[in-house]
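Load the model in your viewer and keep the sequence panel open. Here is a tour, stop by stop, of what to select and what is there.

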Amino acid sequence: MIRVIVVDDHEIVRKGIIAYLQTEDEFDIVGEASSGNEGAELILELKPDVVLMDLMMENGNGIEATKHVMEQLPSCKIIILTSYYDDEQVFPAIQAGAFSYLLKTSSATEIATAIKKAASGQNVIEPKVAGKMMNSFRSENKKAHDTLTERELEVLLCIGNGMTNQEISEKLYIGIKTVKTHVSNILSKLEVHDRTQAAVYVHRNQLL
């Protein structure tokens, strides 16, 4: 049996979810709460396997409750079940320790399946939320040199090879003033102070 607690301030939603889950033999609904504070207290007392947690509630929201629970009961699997999937809700919830993230547009069967998967250690992330997380991951892992133009990157590699502006000018067939402009732009985009730091950047990121 999977021991479950449902935390949601909308009674109709909460009772509806519980009523459906009670039709399946795998679930034991050990408790319910209508606020984040009440939910966190109940979870720590009853130590369920899985929790369905709403986000926007009075008297303690789902993010605060999730963080509080995970600090003291990290084995608990908290599934966020909400209508919201904006950045201000998604990332704080995941950072707080939420195990899965579903939208309330999910069917009862999908919610039940997510609970079973959570109990066995498998995450379920709503596709819209997963897309946001991937975009954030790509953004966080984007290197400073990815913002350089093709020509600026060529100049940067020359700097990495220890070439002077004159040597870069001759190699790339561009004027000295143009080289200086590119170097200035490169230093700005890489947020470094001089050519030496730019050269260090090249080698540190193995661009050569």
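**Start at the tail**

Select Q206: with 69% relative accessibility, Q206 counts as exposed. The cut-offs used here, with a 1.4 Å probe and protein chains only, are buried under 20% relative accessible area, exposed over 50% and partly exposed in between. Q206 sits in the segment after α10 (195-204). Helices here are DSSP runs of H or I with at least four residues, strands are runs of E with at least two, and both are numbered from the N terminus.

Before moving on, note the ground rules. This is a predicted model, in which local features need pLDDT of at least 70 and side-chain atom pairs count only at pLDDT 80 or more, while totals for chains, interfaces and linings use all residues. Residues are numbered from 1 along each chain as its sequence is written, and side-chain values use heavy atoms, with hydrogens and water left out.

Now check the backbone of Q206. Its phi is positive, about 50°, although Q206 is not a glycine. Most residues other than glycine have a negative phi.

**Stop 2: the two domains**

Colour 2-140 as domain 1 and 144-205 as domain 2. These bounds come from an automatic or database domain assignment. Put a distance between the two C-alpha centres: domain 1 and domain 2 are 49 Å apart.

Next, select T149. T149 lies in the loop between α6 (127-140) and α7 (150-160). At 38% relative accessibility, T149 is partly exposed. Draw a C-alpha to C-alpha line from T149 to D8: the pair is 50 Å apart in space and 141 residues apart in sequence.

**Stop 3: α8 against α9**

Show α8 (residues 165-172) and α9 (residues 176-190). At what angle do α8 and α9 pack? The angle is about 110°, and the axes are 9 Å apart. Axes are lines fitted to C-alpha atoms, for helices over the stretch in contact, and angles run from 0 to 180 degrees between N-to-C directions. So α8 and α9 are roughly perpendicular to each other. That term covers 65 to 115 degrees; under 35 is roughly parallel, over 145 roughly antiparallel, and the rest oblique.

Add side chains. On the α8 side, select N165, Q166, I168 and S169; in α9 they meet I176, V179, K180 and V183. Contact means heavy atoms within 4.5 Å. By class, this contact has four nonpolar, three polar and one charged residues. Ala, Val, Leu, Ile, Met, Phe, Trp, Tyr, Cys and Pro count as nonpolar, Asp, Glu, Lys and Arg as charged, and the others, Gly among them, as polar.

**Stop 4: α2 and its cover**

Go to α2 (residues 36-46). Which residues of α2 are buried? They are G36, G39, A40, L42, I43 and L44. Their cover includes β1 (2-7), β2 (27-33), β3 and α3. Step past the end of α2 to K47, where phi is positive, near 50°.

**Stop 5: the β3-α3 loop**

Select D54, in the loop between β3 and α3. Is D54 buried or exposed? At 3% relative accessibility, D54 counts as buried. Leave out neighbours within four places in sequence, and the contacts of D54 are V7, D8, D9, H10, G62, L81, T82 and K104.

N59 is found in the loop between β3 (50-53) and α3 (62-72). N59 is exposed, at 57% relative accessibility. N59 also has a positive phi, about 55°, and is not a glycine.

**Stop 6: R14**

Move to α1 (residues 11-21) and pick R14. R14 is buried, with 9% relative accessible area. Not counting residues up to four places away in sequence, R14 touches V6, D8, D9, E32, A33 and S34. R14 and R3 are 16 Å apart in space, C-alpha to C-alpha, and 11 residues apart in sequence.

**Last stop: cysteines**

Select C76, in the loop between α3 and β4 (77-82). C76 is buried, at 2% relative accessibility. Beyond four places in sequence, C76 touches I43, P48, D49, V51, V69 and M70. From C76 to D49 the C-alpha distance is 5.5 Å, with their positions 27 residues apart in sequence.

Then pick C158, which is buried at a relative accessible area of 3%. How many disulfides does the structure hold? Zero, where a disulfide is a pair of cysteine sulfur atoms within 2.5 Å.
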